[in-house]
Every structure is written in C-alpha cells, then in structure tokens.
Amino acid sequence: VQGIGPQVFPYIVAAGTAVIAALTVVMALRGGFPERERVHWAGLAWVFAAILAQIVLLYAGFGFILASAALFGLAARGFGQRPLWGALAVGAVVSAVLYLLFRYGLGLALPAGPVERALASLIA
Amino acid sequence: MDTFALLFDGLATAAQPMNLLYALVGVVLGTAVGVMPGIGPALTVALLLPVSLSFGATGSMIMFAGIYYGGMYGGAISSILLNTPGETASIMTALEGNRMAKDGRGGKALGAAAIGSFFGGTCATFGLAVVSPLMVQVALAFGPAEYFALIMLAFLTVSAAFGGSMVRGLTALFVGLAIGLVGVDTLTGQSRLSFGIAEMRDSIDIAIVAVGLFAMGETLFLASQHLDHSEKAEPVRGSVWLSLEDLKRCFRPYLRGTGYGFAFGPLPTGGAEIPTFLSYSTERRVAKGIAREEFDSGRGAIEGVAGPEAANNASAAGTLIPLLTLGLPTSATAAMMLAGFQQYGLQPGPLLFTNSADLVWGLIGSLFIANIMLVVLNVPFVGVWVRLLAIPRPWLYAGIMTFATLGIVGAQGSAFALILLLGFGLIGLVMRRFDYPLAPALVGAILGPLAEEQLRRGLMINRGDWLFLLESGISLTIYAIAIIAVAGPYVWTAMRRRRSASV
C-alpha cells in the first residue's frame with residue numbers, strides 16, 4: 001500500500017504547533033500581549049471546586065441529584081450567592097426537577113444513587 | 001424531481017405533528033437560551049447537543065435548526081435591553097438598539113429586530129432551497145483532492161476571521177487538530193494519543209469538546225472576572241408593534257441586510273460578523289432626515305437595528321448551504337450542527353441530498369415553519385422572554401453548568417466524561433482569558449480527522465503521489481480563494497494606508 005500511515009498526521013500537527021509556539025514567543029518579545037485584568041481567584045476556585053465535587057460524588061455513587069446539587073450550590077456561591085447552604089438547597093431542588101424531567105420525560109440514563117432509588121420506588 | 005416538488009415534500013414532512021413539536025421545542029429553547037446574557041446560538045446548540053440524542057436524526061436536526069434561528073432572535077433581546085450581545089452576530093444590534101431602549105423606544109427596537117429576523121431568515125431560507133441543489137451538482141464532482149482543498153480553505157479563513165490575529169486563530173486551530181487526533185485511526189484501527197485510557201480509545205466525543213470549551217470555559221471565565229453582576233435591564237417601553245411609517249423606514253435596511261447576510265453567510269469568513277457590520281455601516285452612511293438625526297444624536301435609529309438583524313438571520317440560512325452541501329461549517333454554530341449530524345453517523349455533503357433527501361428537505365421545510373413560530377413568539381410574547389433577564393446571575397450560571405453536565409453524563413453514561421469536560425473547560429478558560437478564539441478549535445477538532453482521511457485516501461488512489469493535490473482545476477481555484485481571503489485584508493489595509501498617506 002502506498003500512502004502514509006497513522007503516525008504522519010500527528011507529526012504534521014506537532015510541527016505546526018511548534019511553529020505557532022515560536023511565533024507566539026516572537027509576539028511576546030515584541031510586546032504583543034496587552035495588560036490584563038486581575039483574576040478573581042476566589043470565584044474561579046469555587047466554580048472549579050463545584051465541578052470537582054460533582055465528579056467525586058458521582059464516582060462515589062451518590063447519584064446525579066446529590067452530585068449536581070453540590071455543583072449548583074458551589075457554583076452559585078462562586079458567582080456571589082450567599083449563604084452557601086441556601087444555594088445548595090436550591091441546587092437540590094433544581095437537580096431533582098431536572099432529573100425527573102430527563103429521566104422520566106426523555107428516558108435519559110442518569111447515574112442513580114440512594115435518592116434516585118428512593119424516587120424510583122416512590123414512582124413505581 | 002425539481003426543487004419545488006422536493007421543497008413541498010419537505011414542508012409536508014416538517015408539518016407532521018411530532019416534527020412541529022420538535023421545531024417548537026427548538027425555537028422556544030433557542031430563544032430562551034439566546035436571551036440569556038452572554039450566551040449565543042453556538043453555546044445554545046452545544047448545551048443541547050447531548051440531550052437531543054433521544055429525538056432521532058430528523059427530529060434533532062429540526063430542533064437544532066430551530067435553536068440556531070431562535071438563538072438569533074433571542075440574542076437581539078439581550079443586546080437591545082442589556083447591551084450585552086451574546087455573540088458577534090448581535091454586536092451591531094446592540095449599538096442602536098440599546099440607545100433606542102434608553103430613549104424609551106425599546107419596544108420598537110424589539111419589533112424591528114423580530115420582523116427583520118423573520119424577513120431575513122425567510123428570504124434566505126428560500127435562497128438556501130434554490131441554491132443548495134445547484135451546489136450539490138458541483139460538489140458531486142469533488143474527489144479527495146477537492147475536499148482536502150476545501151477543508152484547508154475552511155481552516156485558513158476561520159483562523160483568520162476570528163480573534164484579531166492570525167497567530168491566535170492558528171493556535172486555536174492546532175489545539176483543535178490535536179484534540180481531533182485522539183482515538184482510533186479510521187484507516188488502520190490503531191489507537192493514537194489515548195495514553196492507555198480506555199475511555200479515550202474511541203475518539204473524544206465532539207459534544208464533550210464543544211460543551212467543555214464553550215459552556216464550561218465560558219462559565220469559568222465569567223467566574224474569574226471581577227464583574228458587577230447587578231446590571232439592570234432596560235424595561236420595554238413603547239409598543240413592539242411597528243407602525244406603517246416604521247415599516248417603511250425598515251424596508252430598505254431589511255432588503256440590504258438580507259442581501260449582505262445571504263452573500264456572506266456561505267463564505268468561510270466566520271458567520272455573521274462581517275455582514276452585520278457592513279449592514280450597520282451602510283445604514284449609517286445612507287441615513288437621511290430623521291434617521292440621520294437619530295444616528296448622529298445617539299438616540300438610536302431603527303434602521304441600525306433592522307439591517308443587522310435581517311443580516312444575521314439571513315447569514316444563518318446562508319451558512320447552512322456549505323454545511324449541508326459540502327459538510328463545511330463556516331461559523332461556530334454551524335460547526336456545532338455538524339457535530340450534531342455526526343452524532344447520528346450522518347456526514348453532510350452531496351450524498352446527504354441523495355441518501356437522506358427526506359431529512360434534508362424536511363429540515364429546510366422546518367426552517368420556514370420555525371421562522372413563523374419565532375415571529376409569533378417574539379412579537380406578541382416578547383414580555384415573557386424579557387422576564388428571563390431578571391434571573392439572578394448566580395442561579396443562571398449555576399443552572400447552565402448543571403444542564404451542561406446533565407447532558408454529558410446522560411449521553412456518555414460515565415463520570416469520566418466529566419473529567420474530560422473539566423479539562424476542556426480549563427483549556428477554554430485559558431483561551432478566553434488570553435483572547436484566543438474558540439471557533440477555530442472546534443472546527444479543527446471536527447474537520448481535522450476528515451482532512452486526514454481525504455488526504456490518505458487520495459494518496460492511496462494516486463499511489464503515493466502527493467502532486468495529486470494540485471492536479472485539479474477546482475482545487476487550485478480553492479487554494480487561490482484561500483490565499484486571497486487570507487492575504488486580501490492585509491493588502492487592502494496596506495493600500496488604504498498608502499492612499500491616505502499620499503493624500
């Protein structure tokens with residue numbers, strides 16, 4: 001077979017990326033990067049923690065509703081919502097509604113934990 | 001069958017009760033998410049991409065098109081009342097629209113925007129129905145060389161059009177190309193760049209890339225800014241119904257805007273940015289009498305809303321021409337829709353028109369219906385949408401994140417997808433912070449594997465001779481267009497500078 005194997009394209013992409021990297025260095029040396037606003041680390045940390053909490057809770061088998069409640073609550077806190085427990089409570093309601101809507105309305109398979117199993121036995 | 005018979009069949013498909021329902025769901029969701037400040041149609045489609053898997057191919061395509069059009073309508077509302085355009089397509093609308101809202105004529109601006117969107121969208125959808133079959137005739141002659149050239153054209157122009165500098169655009173493109181490499185090589189079955197992780201052996205689902213870069217990246221970026229989240233929306237004052245006088249003022253801007261939008265939409269220059277800009281500057285230049293006064297005094301002229309709104313909806317329809325006939329996305333939203341097609345194993349292109357004619361024409365038919373639904377939803381019921389602007393930002397952004405992860409977990413069935421989602425979110429955050437455009441990354445991730453496939457297939461057919469790329473007239477023409485499209489603006493500014501220097 002004539003032609004190129006699966007390794008050639010990655011090399012092309014790598015070479016291109018290297019060229020771009022060099023050009024970026026040139027841009028930096030010429031002072032092509034404008035001054036930027038300070039990062040709001042606290043907000044960013046809350047939102048990052050929110051996603052992380054959801055991932056951990058899902059892996060630990062807590063199910064979609066509890067994991068998403070944590071995501072929603074921590075993220076809302078990151079955008080300035082206080083107090084945290086209030087945001088978490090709203091998150092629990094929102095994710096429960098979303099779960100019921102998409103699980104029973106559209107048949108989407110979402111990870112189930114204790115809360116979801118309790119809901120399922122309530123509905124059945 | 002001729003175009004009109006096909007179009008008629010398409011309308012019949014679109015008018016089936018279930019498809020009407022999908023269109024309605026699409027336009028309602030599209031408008032709702034489009035209204036939310038900072039969220040444009042591209043992000044809207046990304047959010048709903050995984051959720052739509054339960055609707056079937058025709059249903060979800062109809063829904064996506066509804067979302068695309070609906071997002072354009074909804075974007076106008078937040079631009080006018082909040083002065084926060086969801087994406088580049090609505091920037092021009094915000095200029096005069098927000099001034100009108102501050103001047104107490106917000107209702108008129110909203111009315112002019114909705115009717116302009118309807119006019120531009122409907123005319124351009126008609127154009128789409130007429131032009132697409134002709135494009136298909138041309139595209140049927142395309143082989144690997146031509147397709148490869150087309151993809152190169154898309155890469156170059158998308159990188160040039162977004163993000164101010166070519167280096168930034170190309171960086172984003174290569175990020176996307178690298179993402180596209182992950183997974184099993186289609187021709188040999190070898191796995192690449194998956195680092196022994198089982199979930200990455202099949203290539204990364206494009207929905208994860210899209211939702212991660214756009215939705216997660218955007219929310220992380222917003223969280224990283226010191227923003228005052230308490231900006232107030234202007235209340236809607238004045239009737240949204242246009243008087244005969246207003247319609248007369250809007251009519252020419254509508255026509256010109258539609259023309260610009262439909263002409264530029266199919267070109268790989270990044271969707272609605274250029275046509276809305278041209279439309280706005282034309283209206284500003286030709287304004288006379290009361291319009292002149294309103295433009296100059298900063299009270300806001302209705303022409304400045306009417307033209308760009310017709311232009312951005314017309315360009316949305318225009319964008320669908322290369323997407324459906326060639327499989328070539330020319331805007332971020334079109335790239336999302338291409339991802340939607342790929343979810344169902346459908347590859348847009350000339351063959352789609354022969355193999356899935358009912359889907360394509362049903363989709364085109366549903367666009368007409370979606371436009372009618374949207375103008376009804378947006379003129380009398382505009383007040384309902386405006387209420388959405390009152391949702392506090394923390395709830396809104398937390399809700400978006402919950403919805404995005406719901407879609408991804410539901411479609412992928414594994415929490416590992418969320419780790420990837422977070423990773424792409426962080427990439428998106430860094431890119432947004434340092435002014436790198438996201439659209440080229442998405443286009444690279446989608447079209448990169450296609451470019452590789454075409455190149456390697458072409459090499460096999462031509463027994464390893466690379467020159468096959470340059471042996472067809474069509475592909476040489478495409479390369480010439482690419483060079484002109486990229487170098488043209490530089491030459492143009494250089495020439496203008498020299499001219500103004502000599503004067």
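Helices (H or I, at least four residues) and strands (E, at least two) are taken as DSSP runs, numbered from the N terminus.

**Entry 1. Ground rules.** I am working on a predicted model, in which local features need pLDDT of at least 70, side-chain atom pairs count only at pLDDT 80 or more, and totals for chains, interfaces and linings use all residues. Residues are numbered from 1 along each chain as its sequence is written, chains are lettered from A and ligands numbered from 1 in the order in which they are written, and side-chain values use heavy atoms, with hydrogens and water left out.

**Entry 2. Cavities.** Rolling a probe the size of a water molecule over the atoms shows where empty space is left. I count as a cavity a set of points, on a 1 Å grid over the protein atoms alone, where a 1.4 Å probe fits but cannot get out; lining residues have an atom within 4 Å of a point. Grid points are joined across faces, edges and corners, and a volume is the space filled by probe spheres set on the points. I searched the whole structure and found two cavities of 30 Å³ or more.

**Entry 3. The largest cavity.** I noted a volume of about 50 Å³ for the largest cavity. Its lining is made by B:Y73, B:A76, B:I77, B:L110, B:A113, B:A114, B:S117, B:E309, B:N378 and B:V382. Two elements of chain B, α4 (57–82) and α6 (106–139), give two or more residues each to this lining. Which helix gives the most to it? I find that α6(B) does, with four residues. For character, I count Ala, Val, Leu, Ile, Met, Phe, Trp, Tyr, Cys and Pro as nonpolar, Asp, Glu, Lys and Arg as charged, and the others, Gly among them, as polar. On that basis the lining holds seven nonpolar residues, two polar and one charged.

**Entry 4. The second largest cavity.** The volume here is about 30 Å³. I list B:I39, B:L43, B:A215, B:E218, B:T219, B:L222, B:Y397 and B:I400 as the lining. Helices α9 and α18 (393–412) of chain B each supply at least two of the lining residues, and α9(B) has the largest share, with four. The split is six nonpolar, one polar and one charged.

**Entry 5. Helix α9 of chain B.** I went on to α9(B), since a cavity lining had led me there. The expected span of a helix is 1.5 Å times one less than its number of residues. For the 18 residues of α9(B) (residues 206–223) that gives 26 Å, and the end C-alpha atoms are 25 Å apart, which agrees. I take a bend at a residue as the angle between axes fitted to the seven residues ending there and the seven starting there. α9(B) bends by about 35° at B:G212. Is the helix buried or exposed? Buried means under 20% relative accessible area, exposed over 50%, partly exposed in between (1.4 Å probe, protein chains only). I count 18 of the 18 residues of α9(B) as buried, so the helix is largely enclosed by the rest of the structure.

**Entry 6. Helix α10 of chain B.** α10(B) has 21 residues and reaches 30 Å from its first C-alpha to its last, close to the 30 Å expected. I place a kink of about 35° at B:C250, shortly before the proline B:P253. The buried residues of α10(B) include B:D246, B:R249, B:C250 and B:P253. B:P253 has 1% relative accessibility. I also checked B:P253 against B:A306: they are 53 residues apart in sequence and 6.0 Å apart in space, C-alpha to C-alpha.

**Entry 7. Other pairs along chain B.** B:I391 sits in the loop between α17 (382–388) and α18 of chain B, and is partly exposed at 28% relative accessible area. The C-alpha atoms of B:I391 and B:M36 are separated by 8.8 Å, with their positions 355 residues apart along the chain. B:A57, in α4 of chain B, is partly exposed at 22%. I find 26 Å between the C-alpha atoms of B:A57 and B:C123, which are 66 residues apart along the chain.

**Entry 8. Backbone notes.** A cis peptide bond joins A:R82 and A:P83, with omega about -5°. I locate A:P83 in the loop between α3 (63–78) and α4 (84–105) of chain A. B:D435, a residue other than glycine, has a positive phi, near 60°. B:D435 belongs to the loop between α19 (416–433) and α20 (439–461) of chain B, and is partly exposed, with a relative accessible area of 40%.

Methods. On a 1 Å grid over the protein atoms alone, a cavity is a set of points where a 1.4 Å probe fits but cannot get out, and a pocket is an open set with protein on both sides within 12 Å along at least five of seven lines; lining residues have an atom within 4 Å of a point.
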